[in-house]
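Me: I'm new to reading protein models. Can we go through this one together, with me asking where each label comes from?

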Amino acid sequence: MKKECVTMLLAGGVGKRLGALTTSVAKPAVPFGGRYRIIDFALSNCLNSRMYTVGVLTQYSPLDLHQHIGVGKPWDLDRMNDGLTILSPFTVQTGGNWYLGTADAITKNMNFIDRYDPEYLLVISGDHIYHMDYDKLLRHHKEKQADATISVLEVPWKETSRFGILNTTDDLRIYEFEEKPAQPKSNLASMGIYIFNWKVLRDYLEKDALLSESEHDFGQNILPAMIADNLKLYAYRFQGYWKDVGTIESYWEAHMDLLKEDLELSLNNTNWRTYSHDSNFPPQLIEETASVAHSLVNNGCVVSGTLNHSILFENVRIDKGSTIKQSILHPGVRVGKNVYLEKVIAQENIFIPDNTRISASMDQEPIVLSQENLKAITS
């Protein structure tokens, strides 16, 4: 059962800033990119990186997420001696108990990790959009003989106050971690992707669990404690596309990014595929009355109107005379006749009646349509 590296995928986020998109589903289960869910990117990275022992830590509104993940078959993680395991909050003696923080989530699942007796622990998040080879990160960690390695990317200086910022020496050794600094010394932002020497981390987790004043969080507690003890922490520079889709605006932006020709995150990349379930809908139908430009149209869709710079998930129908611009329509959406939508995100299975006009200007946040608010918006 011994494995060199075990992966722990944190997928319990509430996603409050996504508003109606996460009313009944966990953030990692939110649909993305026409046929995926957000968590598919992290799980696909695990497969492509040959990280086959994965614990998925779920918490809030997990039903859809659990159904989507299943036993991990789409990501070749339905394996006998390792594969994917869903880890929900629990305590042995007193019943259920929430994970109190990112570090606490790992602490509560030490038994799962210990059964594989790993040298290294990879900790990742299930709510980011990116392609990354975790094996390269592991090799960097070994080369540096590090106790912990944190994946980082350079962010615009004006956005540094949104991130945990790492200050490093020239050889990328980390000497300071600043959580959302007002006056940053660096623009190297933590991506929330870590590799630890498991025995070292285990000791820090046990100590942290005894501290009642701790937030039990990697960024706020574990990493600063390691730095204070002068452990060898190194940064790993990530090169490529990465997006935290934590707000309605960033969720919409990430979809619009998919339509850019020069985007490094290509869903057509045959060397680094993104995997998900196949619902086996029939091929799309673009009728003679339709006009489709620069859009992603998935299986089961029937388009009779105008589609421009938009993304349609599976089984969406757009009737004659309707125009959809810079919008995202989730699975099963029905658009009636002579409808105009611009910069709109329509949730699953809603019907948008004939002659509806809904649009947001480019300096406004996208409008999210749900069963609950559709009548109020269209009245």
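**Where the labels come from**

Me: What makes strand 4 mostly covered?

Reply: Bear in mind that this is a predicted model. Strand 4 covers residues 53-57, and five of its five residues are buried. Thr 53, Gly 55 and Leu 57 point one way, while Val 54 and Val 56 point the other way, and all are buried. Buried means under 20% relative accessible area, so the label "mostly covered" fits strand 4.

Me: How do you know that strand 4 pairs with strand 1 and with strand 5?

Reply: Pairing takes at least two bridges between two strands. Strand 1 (residues 5-10) and strand 4 have four bridges, in the parallel sense. Leu 9, for one, has Val 56 in strand 4 as its bridge partner. Strand 4 and strand 5 (residues 83-87) are joined by five bridges and run parallel. There, Val 54 stands opposite Leu 84. Four bridges and five bridges both meet the cut-off of at least two, so both count as pairs.

Me: What makes a right-handed β-α-β unit with strand 4 and strand 5?

Reply: The third part is helix 2, residues 63-69. Imagine the strands pointing away from you: the crossover is right-handed if the path from the first strand over the helix to the second runs clockwise. Strand 4, helix 2 and strand 5 are assigned that right-handed form.

Me: Why is Thr 7 called buried?

Reply: Thr 7 has 0% relative accessibility, and the cut-off for buried is under 20%, so Thr 7 counts as buried. Thr 7 lies in strand 1. Its C-alpha atom is separated by 5.9 Å from that of Leu 121, although the two residues are 114 apart along the chain.

Me: Which strands does strand 6 pair with, and in what sense?

Reply: Six bridges join strand 6 to strand 1, and these two run parallel. Cys 5 has Tyr 120 in strand 6 as its bridge partner. With strand 11, strand 6 pairs in the antiparallel sense over four bridges. Here Leu 122 stands opposite Ile 195. Strand 6 (residues 120-125) is also mostly covered, with six of its six residues buried.

Me: Why is Ser 61 called partly exposed, and Asn 230 exposed?

Reply: Over 50% counts as exposed, under 20% as buried, and partly exposed is in between. Ser 61 has a relative accessible area of 35%, so Ser 61 is partly exposed. Asn 230 reaches 60% relative accessibility, so Asn 230 counts as exposed. Ser 61 lies in the loop between strand 4 and helix 2, and Asn 230 is in the loop between helix 7 and strand 12.

Me: What is the phi of Ser 61, and what is the phi of Asn 230?

Reply: Ser 61 has a positive phi near 40 degrees, and it is not a glycine. Asn 230 isn't a glycine either, and its phi is positive too, at about 65 degrees. Most residues other than glycine have a negative phi, so a positive one catches the eye.

Me: What makes the sheet with strand 15 and strand 27 open?

Reply: Look at the edges. Five strands form this open sheet in the order 15-18-21-24-27, with parallel pairing. Strand 15 (291-293) and strand 27 (357-359) are the edge strands, and each pairs on one side only. The twist averages 5 degrees from one strand to the next. At the strand 15 end, three bridges join strand 15 to strand 18, and Ala 293 has Asn 308 as its bridge partner.

Me: How much space lies in the largest pocket, and what lines it?

Reply: About 1300 Å³ lies in the largest pocket. Its lining has 37 residues, and Thr 102, Asp 127, His 128, Asp 217 and Asp 244 lie nearest its centre. Strand 11 gives the most to that lining, with four residues. By class, the lining has 13 nonpolar, 15 polar and nine charged residues.

Me: What about the second largest pocket?

Reply: The second largest pocket has a volume of about 440 Å³. It is lined by 16 residues, with Glu 159, Arg 162, Phe 163, Trp 242 and Lys 243 closest to its centre. Strand 13 supplies the largest share of this lining, three residues.

Key. Residues are numbered from 1 along each chain as its sequence is written. This is a predicted model: local features need pLDDT of at least 70, side-chain atom pairs count only at pLDDT 80 or more; totals for chains, interfaces and linings use all residues. Side-chain values use heavy atoms; hydrogens and water are left out. Axes are lines fitted to C-alpha atoms, for helices over the stretch in contact, and angles run from 0 to 180 degrees between N-to-C directions. Buried means under 20% relative accessible area, exposed over 50%, partly exposed in between (1.4 Å probe, protein chains only). On a 1 Å grid over the protein atoms alone, a cavity is a set of points where a 1.4 Å probe fits but cannot get out, and a pocket is an open set with protein on both sides within 12 Å along at least five of seven lines; lining residues have an atom within 4 Å of a point. Grid points are joined across faces, edges and corners, and a volume is the space filled by probe spheres set on the points. Ala, Val, Leu, Ile, Met, Phe, Trp, Tyr, Cys and Pro count as nonpolar, Asp, Glu, Lys and Arg as charged, and the others, Gly among them, as polar.
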